[in-house]
Amino acid sequence: MADIFDLFKKISSGSDNSQNPPEFIIAGLGNPGDKYTFTRHNAGFLALDYISQKHNCPIKQLKFKSLCGDTVIGGHRVILMKPQTYMNHSGEAISAAASFYKIPTEKILVIVDDICQAPGRMRIRKNGSAGGHNGLKSIIEHLSSDNFPRIRIGVGEKPNKDYDLAAWVTGQIPEADREPMFKIIEASCDACSLLLDGKLDEAMGKFNGLKY
């Protein structure tokens with residue numbers, strides 16, 4: 001009986017998109033290693049971990065210098081990627097996967113940390129410059145394009161202009177910031193679903209002004 005139930009599920013959903021070629025990449029940026037897990041710079045990794053759990057898709061397969069997972073979200077087959085190249089070389093991994101699967105830049109969704117946004121906020125953009133973010137800079141260099149959407153997760157700005165930026169972004173997320181950050185990471189999963197459906201304006205209108 002299990003087989004007939006599976007057949008009915010496929011008929012009701014229209015098709016089994018897990019057999020189709022990947023249509024999108026969702027890449028969360030961060031640094032590998034346990035010491036970086038709950039640092040500001042790993043907001044992208046944390047978002048991918050949440051997405052993978054929500055869609056029951058482990059990110060464990062090592063390829064393209066990344067840990068990868070393969071799932072279907074809203075009818076779209078998606079490759080989930082956590083580059084293991086360290087932040088400044090994220091583009092090596094993402095460009096390799098995009099080239100292999102022939103995925104255009106506008107279907108590469110990148111999730112990163114943003115020191116210009118307070119914890120509990122996000123900013124969605126269709127494209128644009130790196131804005132000083134080395135991970136985005138690497139991706140732009142390797143893709144030869146900045147025409148990819150990105151979700152920037154707020155981690156808060158440095159306490160003063162003399163504070164070392166590298167020390168700030170690789171610092172642990174303080175207890176006071178964890179709840180709003182994790183809530184906005186949860187919201188980023190819903191934002192991804194809208195972006196996969198091509199609803200950029202709706203996603204920007206719904207989430208760019210959101211604050212936790």
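A disulfide is taken here as a pair of cysteine sulfur atoms within 2.5 Å. By this criterion, the structure, which is a predicted model, holds zero disulfides. Cys68 is in no disulfide, and the nearest cysteine sulfur, that of Cys57, lies 9.7 Å away. Because the cut-off is 2.5 Å, this separation of 9.7 Å does not qualify as a disulfide. Cys68 is buried, its relative accessible area being 2%. Cys192 is likewise in no disulfide; for this residue the nearest cysteine sulfur is that of Cys189, at 6.4 Å. Cys192 is also buried, with a relative accessible area of 3%.

The strands were examined next. An open sheet is formed by seven strands, arranged in the order E2-E3-E4-E1-E5-E7-E6, and its pairing is mixed. The edges are occupied by strand E2 (61–63) and strand E6 (122–125); each has a single partner strand, so one side of each is left without a neighbour in the sheet. On average, neighbouring strands of this sheet are turned by 25° against each other, direction ignored.

Within the sheet, strand E1 (residues 24–28) pairs with strand E4 (residues 76–83) in the parallel sense, over four bridges. In this arrangement Ala27 stands opposite Met81 in E4. Helix H2 (residues 43–54) packs on the sheet, where it touches E1, strand E3 (66–73), E4, strand E5 (108–114) and strand E7 (150–154). The direction of helix H2 makes about 140° with that of E4.

Methods: Residues are numbered from 1 along each chain as its sequence is written. This is a predicted model: local features need pLDDT of at least 70, side-chain atom pairs count only at pLDDT 80 or more; totals for chains, interfaces and linings use all residues. Side-chain values use heavy atoms; hydrogens and water are left out. Two strands pair if DSSP finds at least two bridges between them. Helices (H or I, at least four residues) and strands (E, at least two) are DSSP runs, numbered from the N terminus. Axes are lines fitted to C-alpha atoms, for helices over the stretch in contact, and angles run from 0 to 180 degrees between N-to-C directions. Contact means heavy atoms within 4.5 Å. Buried means under 20% relative accessible area, exposed over 50%, partly exposed in between (1.4 Å probe, protein chains only).
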